[in-house]
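Please open the model in your viewer and keep the selection tool at hand. The stops below move from the whole chain to single residues.

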Amino acid sequence: MIVAFSVSPSGGDPDGGVSEAVARAVRVVRESGLPNSTNAMFTNVEGSWDEVMDVVKRAVFAAGEDSARVGLVLKADIRPGYDRGQLEAKVERLEKRLEVE
């Protein structure tokens, strides 16, 4: 499964930034050893249901260390039998389709 998620703790700096808290969450993901990528909006992580949900849970708690509440947006691609390799493979299939057109 691939999960794209975003955490948004309440509070942050006076300008509304939450990068310090988000960095704690992304660190949890990167240290998990699961395939992952981060962009301006989401962090993607790939693995089995239990692996991914454990990492997301730990990332949410890490982001919320200094906050009274944390918002979580999560989107999952659940495809039985595909626990690894799809994070890149899905993009490669798309790029091949774009070359054909």
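A residue counts as buried when its relative accessible area is under 20%, as exposed when it is over 50%, and as partly exposed in between, with a 1.4 Å probe and protein chains only. By that criterion, 32% of the 101 residues of the chain are buried. What you have loaded is a predicted model, in which local features need pLDDT of at least 70 and side-chain atom pairs count only at pLDDT 80 or more, while totals for chains, interfaces and linings use all residues. Residues are numbered from 1 along each chain as its sequence is written, and side-chain values use heavy atoms, with hydrogens and water left out.

**The whole chain**

Begin with the C-alpha trace, which spans about 50 × 30 × 20 Å along its principal axes. Colouring by secondary structure should bring out 3 helices and 4 strands, where helices (H or I, at least four residues) and strands (E, at least two) are DSSP runs numbered from the N terminus. Read from the N terminus on, the elements follow the order β-α-β-β-α-β-α. If contact is taken as heavy atoms within 4.5 Å, then 71% of the contacts between residues at least 6 apart in sequence join residues at least 24 apart.

**The sheet**

Next, select the strands, which make an open sheet of 4 with the order β2-β3-β1-β4 and antiparallel pairing; two strands are said to pair if DSSP finds at least two bridges between them. Which strands stand at the edges? They are β2 (36–38) and β4, and because each has a single partner strand, one side of each is left without a neighbour in the sheet. Neighbouring strands here are turned by 20° against each other on average, direction ignored.

Strand β1 (residues 2–9) is a good place to stay for a moment, since 6 of its 8 residues are buried. On one side β1 pairs with β3 (residues 43–46) in the antiparallel sense over 4 bridges, and here you can pick out I2 opposite E46 and V3 opposite V45. The pairing of β1 with β4 is also antiparallel and runs over 8 bridges, with S8 having G71 as its bridge partner.

Now move to β3, where T43 and V45 point one way and N44 and E46 the other way, all of them buried. Together β2 and β3 form a hairpin with 4 residues between them, paired in the antiparallel sense over 3 bridges, and S37 finds its bridge partner in N44.

**Two helices**

Select α1 (residues 19–31) and α2 (49–63) together. Two packed helices are described by the angle between their axes and the distance between the axes. The axes of α1 and α2 come within 7 Å and cross at roughly 155°, the axes being lines fitted to C-alpha atoms, for helices over the stretch in contact, with angles that run from 0 to 180 degrees between N-to-C directions. The two helices are therefore roughly antiparallel to each other, a term for angles over 145 degrees. To see the interface, show A21, R24, A25, V28 and V29 in α1, which meet V55, R58, A59, A62 and A63 in α2.

**The core**

A nonpolar core is a set of buried Ala, Val, Leu, Ile, Met, Phe, Trp, Tyr and Cys residues joined through side-chain atoms within 4.5 Å. The largest one has 16 residues, and those with the most contacts inside it are V3, F5, V45 and V52. While β1, α1 and α2 each supply at least two residues of this core, α2 gives the most, with 7 residues. Centre the view on V45, whose contacts, leaving aside its neighbours within four places in sequence, include V3, F5, V29, L34 and V52.

**Two single residues**

Is V26, in helix α1, buried or exposed? At 11% relative accessibility, V26 counts as buried, and beyond its neighbours within four places in sequence it is in contact with T38 and T43. The C-alpha atoms of V26 and V55 are separated by 9.8 Å, although the two residues are 29 apart along the chain.

Finish at A68, in the loop between α2 and β4 (70–77). With a relative accessible area of 83%, A68 is exposed, and from there a C-alpha to C-alpha distance of 50 Å leads to V100, 32 residues away in sequence.

Technical notes:
Angles under 35 degrees count as roughly parallel, over 145 as roughly antiparallel, 65 to 115 as roughly perpendicular and the rest as oblique.
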